[in-house]
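Student: I have a new model open on my screen and would like to learn how to read it. Could we go through it together, one question at a time?

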Amino acid sequence: MPTWYPNIPKHHLAESENCANRMDELHLRKIDLCDEIFVVDVEHYVGESTAREIVYAKDKNKPIRWFTSDPVGIEVWKMIQEEL
């Protein structure tokens, strides 16, 4: 887990409710429908599921925007840091 995650169980809710595979499949279908994806990679962290989605999006020739290098993400991160 990244250092910025709050104190949460090791597994996400989807795993504990046995629907992680269905959620992963849903995310791939959403990528099929979108024009681009926006990866929220706070502190450059990308989890396993997100990494698979990035590969899938690349295979589909979908443009990828990254929170850490996108002007919107940079501005949001500044706002978050000011509040902390």
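**Reading the model**

Tutor: Let's start with A57, which counts as buried because its relative accessibility is 0%. Keep in mind that this is a predicted model.

Student: Thanks! In which helix does A57 lie?

Tutor: We have just met A57 as a buried residue, at 0% relative accessibility. Looking along the chain, you will find A57 within residues 48-59. That stretch is helix α3.

Student: Which residues does A57 touch, not counting those up to four places away in sequence?

Tutor: Contact here means heavy atoms within 4.5 Å. Setting aside residues up to four places away, the list for A57 includes I31 and I37. The full set is I31, I37, K62 and I64.

Student: Is D35 buried or exposed?

Tutor: D35 is located in the loop between α2 and β1. Exposed means over 50% relative accessible area. D35 has 69% relative accessibility, so D35 counts as exposed.

Student: How far apart in space are D35 and K62, C-alpha to C-alpha?

Tutor: In sequence, 27 residues separate D35 and K62. Leaving aside neighbours within four places, D35 is in contact with K62 and P63. Between C-alpha atoms, the distance from D35 to K62 is 6.5 Å.

Student: And what separates the C-alpha atoms of A57 and D35?

Tutor: A57 belongs to helix α3, while D35 sits in the loop between α2 and β1. Along the chain they are 22 residues apart. Their C-alpha atoms are separated by 10.0 Å.

Student: Let's move to helix α2. What span should its 14 residues have?

Tutor: The expected span is 1.5 Å times one less than the number of residues. The end C-alpha atoms of α2 are 20 Å apart, which agrees with what 14 residues should span: 20 Å.

Student: Which residues of α2 are buried?

Tutor: Buried means under 20% relative accessible area. In α2 the buried residues are A20, L28 and I31. They lie on the same side of α2, because they cover an arc of only 85° around the axis. On the other side, R22 and L33 are exposed. To name the buried ones again: A20, L28 and I31.

Student: Which residue forms a salt bridge with R29 at 2.0 Å?

Tutor: R29 is partly exposed, at 33% relative accessible area, and its partner is partly exposed as well, at 39%. Both lie in helix α2, 4 residues apart, about one turn of the helix. With the closest N and O atoms 2.0 Å apart, the partner of R29 is E25.

Student: How many residues apart are D32 and R29 in helix α2?

Tutor: The side chains of D32 and R29 meet in a salt bridge, at 2.9 Å from N to O. D32 is partly exposed, with a relative accessible area of 32%. D32 and R29 are about one helical turn apart in α2, because their separation is 3 residues.

Student: Which residues are linked in a network of salt bridges?

Tutor: R29 pairs with E25, and R29 also pairs with D32. The linked residues are therefore E25, R29 and D32.

Student: R65 has a salt bridge too. Is its partner D70 buried or exposed?

Tutor: The closest N and O atoms of R65 and D70 are 2.9 Å apart. R65 is partly exposed, with a relative accessible area of 29%. D70 has 10% relative accessibility, so D70 counts as buried.

Student: Which residues make the nonpolar surface patch of about 370 Å²?

Tutor: One member is V72, which lies in helix α4, residues 71-83. V72 counts as partly exposed because its relative accessibility is 47%. The patch is made by V72, V76, I80 and L84.

Student: Finally, what pattern does the protein chain follow along the sequence?

Tutor: The chain has 4 helices and 2 strands. Buried residues make up 23% of its 84 residues, and its accessible surface comes to about 6,600 Å². Read along the sequence, the pattern is α-α-β-α-β-α.

Definitions and conventions:
Residues are numbered from 1 along each chain as its sequence is written. This is a predicted model: local features need pLDDT of at least 70, side-chain atom pairs count only at pLDDT 80 or more; totals for chains, interfaces and linings use all residues. Side-chain values use heavy atoms; hydrogens and water are left out. Patches are made of residues with over 30% relative accessible area and no salt bridge: like charges are joined within 9 Å, nonpolar side chains (Val, Leu, Ile, Met, Phe, Trp, Tyr) within 5 Å. Accessible areas come from the Shrake-Rupley method with a 1.4 Å probe; for residues, only the protein chains shown count as cover. A salt bridge is a side-chain nitrogen of Lys or Arg within 4 Å of a carboxyl oxygen of Asp or Glu. Buried means under 20% relative accessible area, exposed over 50%, partly exposed in between (1.4 Å probe, protein chains only). The arc is that of the directions from the helix axis to the C-beta atoms.
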